[in-house]
Amino acid sequence: MDAIEPHWISLLWFAVLATICTVSFLVVAGMFPLHSRPESAKSGAATLLVAGNALLLAALSIATGVFGYSE
């Protein structure tokens with residue numbers, strides 16, 4: 001395996017993180033647009049959670065990109 005990819009453990013970590021980013025993006029994308037959500041999810045706290053999830057997804061995506069670039 002070292003002949004193909006010398007940093008294969010880093011490659012596995014990157015693959016796991018990229019998969020998590022992709023699935024998280026699909027989950028967060030299902031929450032937008034905010035006005036089309038069901039009535040039970042239109043409260044202020046739910047909107048705050050959606051915004052928080054979007055920010056955390058952005059941070060995870062940036063961190064995954066930086067990790068992939070550095071390795």
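This report describes the fold, the helix packing and one surface patch of a predicted model.

The protein chain contains two helices and zero strands. Its C-alpha trace spans about 55 × 15 × 15 Å along the principal axes, and the radius of gyration of the protein chain is 17 Å, whereas a compact globule of 71 residues would have a value near 11 Å. Buried residues account for 11% of the 71 residues, and of the contacts between residues at least 6 apart in sequence, 60% join residues at least 24 apart.

The chain-level values are collected here.

| Property of the protein chain | Value |
|---|---|
| Radius of gyration | 17 Å |
| Exposed area | about 5,300 Å² |
| Share of the exposed area from carbon and sulfur atoms | 76% |
| Buried residues | 11% of the 71 residues |

Helix 2 covers residues 44-70, and because 27 residues at 1.5 Å a residue should span 39 Å, the 39 Å between its end C-alpha atoms agrees with the expected span. The buried residues of helix 2 are A46, V50, L57 and T64, and these buried residues pack against helix 1, which comprises residues 8-29.

On the surface, W8, I9, L11, L12 and W13 form a nonpolar patch whose accessible area together is about 530 Å². One of these residues, L12, is found in helix 1; with a relative accessible area of 49%, L12 is classed as partly exposed, because the exposed class requires over 50% and the buried class under 20%.

Key:
Residues are numbered from 1 along each chain as its sequence is written. This is a predicted model: local features need pLDDT of at least 70, side-chain atom pairs count only at pLDDT 80 or more; totals for chains, interfaces and linings use all residues. Side-chain values use heavy atoms; hydrogens and water are left out. Helices (H or I, at least four residues) and strands (E, at least two) are DSSP runs, numbered from the N terminus. The radius of gyration is taken over C-alpha atoms; the globule rule is 2.2 Å times the number of residues to the power 0.38. Buried means under 20% relative accessible area, exposed over 50%, partly exposed in between (1.4 Å probe, protein chains only). Contact means heavy atoms within 4.5 Å. Accessible areas come from the Shrake-Rupley method with a 1.4 Å probe; for residues, only the protein chains shown count as cover. The expected span of a helix is 1.5 Å times one less than its number of residues. Patches are made of residues with over 30% relative accessible area and no salt bridge: like charges are joined within 9 Å, nonpolar side chains (Val, Leu, Ile, Met, Phe, Trp, Tyr) within 5 Å. A salt bridge is a side-chain nitrogen of Lys or Arg within 4 Å of a carboxyl oxygen of Asp or Glu.
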